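Student: I am new to this structure and would like a close look at one part of it. Could you walk me through the sheet in chain A and what surrounds it?

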Amino acid sequence: MEPALAVSNLNVEILGENGAFPVVSEMSFSVNPGQTICIVGESGCGKSMTALSLLRLLPESARVASGSIKIHGEEFLAMDQRKMEDFRGDKIAMIFQEPLTALNPVLTIGEQISESVRQHRNAGKREAFARAVKCLELVQMPDPERRARQYPHELSGGMRQRAMIALALACEPKIIIADEPTTALDVTVQAQILGLISDLQKRLGMAQILITHDLGVVAETADRVIVMYAGRRVEECSVYELFDNPLHPYTVGLMGAVPHRGEAAASPRRLADIPGTVPALWDLSKGCAFAPRCPGASSRCFEERPPFTEKKPGHFAACWEHDHA
Amino acid sequence: MIAYIARRLLLLIPMALGMVVVTFGLLLLIPGDPASVLLGQEASPDAINNLRNTLGLNDPWYIRLGVYFMHLLQGDMGRSIFQNQAVSEIIVGRLGATIELAIVALIFACLIGITLGVIAATRQGSLIDTISMVFAQLGVSMPVYWLGLLLMLLFAVTLGWLPAIGRGTPLLQATAAALTGQPHVLLDSFAHILLPALALAANSAAIISRLVRASMLEVLREDFVRTAYAKGLRRQRVIIRHAFRNALLPVLSVIGLRFGALLGGAVLTETIFAWPGLGQLTITAISQRDLPLIQGIVLTFAIIFALVNLVVDLLYAAVDPRIRLG
């Protein structure tokens, strides 16, 4: 099967005052229709930059230095402005993190959704609005007809995110990118929204790239997982393998920092933390970026960057430790 | 909404009273005496004193203020000392010309300012951005009487394209004439208003363009602009429909304030271009110390300004759905 989205060797850099420095390096992955891939990492690890580059929406200070993004086999990075705009919102769409700021405050929800339909489907005003109401219904917006005529500030946070999802789904894209779609929401609403996205994704057969820092979200939604650290992949495997058998010490550290239910009663422990902080991206050493914080780092880790290789069938990691495994 | 408008209109009353008191106080403080202006330098002190008695100028200030208020409450702004005509009649006869000039200037200021601001913002750092900001700097720094004279020199004296002074047929009547087959009347009116309106608009256009540029630059960085691009919308549509509408909000209130500035600027512009409006009348009234006339003009300007601000607030609510008037 041809993957819906294939990213290979993507490098993104930020143009700083002292020249360019990489924020995403050698990123590669592919997603099949109906599949969900999660990109996990701390803030500043390059996951949002990866997401934005997939839509060619990087801020002016950043740019794709090299690499390839293929959407259904077509090279997205090589497309001219027109064609790229035709793809955006139609073939590939994005759910943003903070629906309050990501929606235009002076246009109604319905106007904002139907705008996308009119752009890509050549629909009339009324037809597009009807489609917008349908989309709102699809995301289980209560009273969609009325909500479509309201402005973002008149909706609750959860409803705004539903509207955001409806907006992304308006033209039935084959690929959906969700950048921390539940971070801005109440915990009680988070599960609903995640469930909704997964459900729609399965039903519409979309490929999904979910960006998150929350391992709980990963466990619930992902098929495959990519763990990023300092702009690079450090581990990639299926979601079961990740939780059963994490290889990279950073992943192990992340797991240790998550509380488990019932654990406290059996054997109380402090939640583990990872000592140190994420290194500055403009100041990376030639070795493994995680080495200064790694409990098992050897001198080699500081000297040479470990390659990202397959340690077990379907399980990749960038760590010298597991080379013989 | 209607309750809101009614409340705002009621608030005009205390504002107008305050305005009258302040103007009255200022006029007490400035030297000069209408009676001596009226009678000329040769007049005897007795004659001046007699005239002052007739005009009521020898009464104590609180009686004069009280009498003025009493008349004002009956809708009477008094009589001009020099023109021997009711102040309200004089003002009504001149008001149209000033409002016409201010509105045309405001339209120029908005058209020029918004266009330059949007272009500069969407091409930040380009040559066109630099040029329009240099223009804005010039516009802010050049006083209206200087720019007015330059324009007059170039377009009226040197090139001879446009009339230097005076007013054509009022625009409303001229439009009516044009509709009944006399387009040259309208053209003549335009030719007359072009220079004074441009001179008057320059300062406001400059301020508006800088504001629009800053506001656009800020809005273009907003998340919802990125969302609009993510939908696949064309750049032009994103800029006009998504960015511009939001960028307009802070600009709108300033445009209202600029209208006040335009009325003030009209005083100088009208004098330079011999535009028969209230501004020109103001200068005459002040130099003659025609107290009732000055009072009337200031009061009129204040009420117009307050009404314009009310309109701006209503527009604000129309553009931004988050604003509820109440």
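Tutor: Here is a walk through the sheet, starting from its central details and moving outward.

A word on the ground rules: this is a predicted model, in which local features need pLDDT of at least 70 and side-chain atom pairs count only at pLDDT 80 or more, while totals for chains, interfaces and linings use all residues. Residues are numbered from 1 along each chain as its sequence is written, and chains are lettered from A and ligands numbered from 1 in the order in which they are written.

Chain A has 13 helices and 12 strands; helices (H or I, at least four residues) and strands (E, at least two) are DSSP runs, numbered from the N terminus. Eight strands make up an open, mixed sheet in the order E6-E7-E8-E3-E9-E10-E12-E11, where two strands pair if DSSP finds at least two bridges between them. Strand E6 (92–95) and strand E11 (309–312) of chain A are the edges, each pairing on one side only. On average, neighbouring strands are turned by 20 degrees against each other, direction ignored; axes are lines fitted to C-alpha atoms, for helices over the stretch in contact, and angles run from 0 to 180 degrees between N-to-C directions.

Let us settle on strand E3 (36–40) of chain A. E3(A) pairs with E8(A) in the parallel sense over five bridges, and A:Ile37 stands opposite A:Ile209 there. E3(A) also runs parallel to E9(A), joined by four bridges, with A:Val227 as the bridge partner of A:Val40.

How many of the five residues of E3(A) are buried? Five of the five are, where buried means that 20 or more other C-beta atoms lie within 10 Å of a residue's own, exposed means 12 or fewer, and partly exposed is in between, with C-beta atoms placed from the backbone. In a regular strand the side chains alternate between the two faces of the sheet. In E3(A), A:Thr36, A:Cys38 and A:Val40 are buried on one side, and A:Ile37 and A:Ile39 on the other.

Some of the cover can be named. Helix H1 (residues 47–54) of chain A packs on the sheet, touching E3, E6, strand E7 (175–179), strand E8 (207–212) and strand E9 (224–229); two residues are in contact if their C-beta atoms, placed from the backbone, lie within 7 Å. The direction of H1(A) makes about 150 degrees with that of E8(A).

Just past E9(A), in the loop before strand E10 (232–238), sits A:Ala230. Most residues other than glycine have a negative phi, and most peptide bonds are trans. A:Ala230, not a glycine, has a positive phi of about 50 degrees. A:Ala230 counts as buried because 22 C-beta neighbours lie inside 10 Å.

At one end of the order, E11(A) and strand E12 (residues 315–317) pair in the antiparallel sense over three bridges, and A:Lys312 has A:His315 in E12(A) as its bridge partner.

At the other end, E6(A) brings us to the second chain. In this contact, 23 residues of chain A meet 18 residues of chain B. Helix H2 (81–87), E6, helix H3 (99–102) and helix H4 (109–121) of chain A each supply at least two residues of that side, and H4(A) gives the largest share, four residues.
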